[in-house]
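Me: I have a protein model open and would like to learn how to read it. Could you walk me through some of its features?

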Amino acid sequence: MIPIFFLATLCLEVVSAAPTHDPNFDAVWQEWKTKHGKTYHMSEEGQKRAVWENNMKMIELHNQDYLQGKHGFSLEMNAFGDLTNIEFRELMTGFQSMEPNEENLFQEPLLGDVPKSVDWRDHGYVTPVKNQGRCGACWAFSAVGSLEGQMFRKTGKLVSLSEQNLVDCSWSYGNQGCNGGLMNLAFQYVIENKGLDTMVSYPYEAQNGPCRYDPEYSAANVTNYVKIPLSEDALMTAVATVGPIAVGINSQHHSFRFYKGGMYYEPNCSSTSLDHAVLVVGYGEESDGRKYWLVKNSWGENWGLNGYIKMAKDRDNNCGIATFAVYPIV
């Protein structure tokens, strides 16, 4: 059984309580605060600056190595730069892992070879990138993304569905709102609830609230869900033949947190300790032969490749992308 992880542990260095600031970063620090609308009390700014500066130096070192060909992807400072390991873990992940019922295992269709590349964004299956904010509801965004794709496949209409509906209403199924959850438990809620509201009717609030589901605004249904076997080949077939797939990954490394672009491969990434949920919307191959999964995150369009990341494919299940993969039947 996969170990249970509610939240990520970002492996960054601990910053001392009484830090010394590098004056070379003064202007950049002020620009970063302005760009992201950051304001602090005098008592906390020194500590926030120290955390940010430590991250900035790590990013610069990584990018120096990237320019020398030591990495296949680059990093950049983003809105998460002033968060400590614990703060980021609590705010920006939220995947808990378990084994769903084995009777719902994916049966690979006998269709011969699947395409070399797929991008479901080109076929209308994918809504714009969303932002979970300071709430560990990645599981809800992952589940909703896969359900949006399947409802489009069924109806020909792409409707943005309500993550907040899942955050507020699926606690009795084992989810814990902003404190973490699972995509298959979200699907189970929709099955028994007989519906899920639209995002317009039940907008996202990035906090736990009372259940306000209204069947009048339901725009999706689920009859079952399917677990994909632990295999990148099986995941590839599912993505090619079904649509966007909800998956759990390991995102605990700073390289993921500050990803900017390129092919993401983290040699120290665990394939079993999953802490974040995302959506695989396709896959492809670069001109140099490196294969990737095209993954939609829920950290807003200012993260990564306009909210997306290219994760290494067929490299021993890097970061556990095929360890927990599931989609709904509608």
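Reply: Happy to! A disulfide is a pair of cysteine sulfur atoms within 2.5 Å. Keep in mind that this model is predicted. Cys 269 and Cys 319 make such a pair, with their sulfur atoms 2.1 Å apart. The torsion about their S-S bond is about 110°, so this disulfide is right-handed. Cys 269 sits in the loop between β7 and β8, while Cys 319 sits in the loop between β10 and β11, 50 residues apart, so the pair links distant parts of the chain.

Me: How many disulfides does the structure hold?

Reply: The structure holds three. Another one joins Cys 135 to Cys 178, with an S to S distance of 2.0 Å. Cys 135 lies in the loop between β2 and α4, and Cys 178 in the loop between α5 and α6, so this disulfide ties together parts that are 43 residues apart in sequence. There is also the disulfide of Cys 169 and Cys 211, whose sulfur atoms are 2.0 Å apart. Here Cys 169 belongs to helix α5, and Cys 211 to the loop between β3 and β4, 42 residues away.

Me: Which of these two links, if I look at the torsion, is left-handed?

Reply: The link of Cys 135 and Cys 178 is left-handed, with -95° about the S-S bond. For Cys 169 and Cys 211 the torsion is about 100°, so that disulfide is right-handed.

Me: What is the pairing if I number the bonded cysteines in sequence order?

Reply: The pairing is 1-3, 2-4, 5-6.

Me: And what about Cys 138: why does its sulfur have no bond to Cys 135?

Reply: Check the distance. The closest cysteine sulfur, in Cys 135, is 9.1 Å from the sulfur of Cys 138, which is too far for a bond.

Me: Now for accessibility. Is Cys 211 buried or partly exposed?

Reply: A residue counts as buried under 20% relative accessible area, and as partly exposed from there up to 50%. Cys 211 has 46%, so Cys 211 is partly exposed. Its partner Cys 169 is buried at 9%. Cys 135 is buried at 1%, and Cys 178 is buried at 11%. Cys 269 is buried at 12%, as is Cys 319 at 0%. Cys 138 is buried too, at 0% relative accessibility.

Me: Can I read a whole helix that way? How many residues of helix α7 are buried?

Reply: You can count along the helix. In α7, residues 232–241, nine of the ten residues are buried, so this helix is largely enclosed by the rest of the structure. Among the buried ones are Glu 232, Leu 235 and Val 239. Look at the ends as well: at the start of α7, a side-chain oxygen of Ser 231 comes within 3.2 Å of the backbone nitrogen of Asp 233. After the helix comes Gly 243, with a positive phi near 135°.

Me: And strands? Which strands does β8 pair with?

Reply: For strands, look for bridges. In a regular strand the side chains alternate between the two faces of the sheet. β8 runs antiparallel to β2, with two bridges, one of them pairing Val 118 with Tyr 283. With β6, β8 pairs in the antiparallel sense over five bridges, including Gly 248 to Ala 277. Six bridges join β8 to β9, again antiparallel, and Gly 282 has Leu 294 as its bridge partner. β8 and β9 form a hairpin with five residues between them, where Gly 289 in the turn has a positive phi of about 95°. β8 is mostly covered, with nine of its ten residues buried.

Note on methods
Residues are numbered from 1 along each chain as its sequence is written. This is a predicted model: local features need pLDDT of at least 70, side-chain atom pairs count only at pLDDT 80 or more; totals for chains, interfaces and linings use all residues. Side-chain values use heavy atoms; hydrogens and water are left out. Helices (H or I, at least four residues) and strands (E, at least two) are DSSP runs, numbered from the N terminus. Buried means under 20% relative accessible area, exposed over 50%, partly exposed in between (1.4 Å probe, protein chains only). A polar contact is a pair of N or O atoms within 3.5 Å; within protein, one must be able to donate a hydrogen and the other to accept it, and residues adjacent in sequence count only if both atoms are side-chain atoms. Two strands pair if DSSP finds at least two bridges between them.
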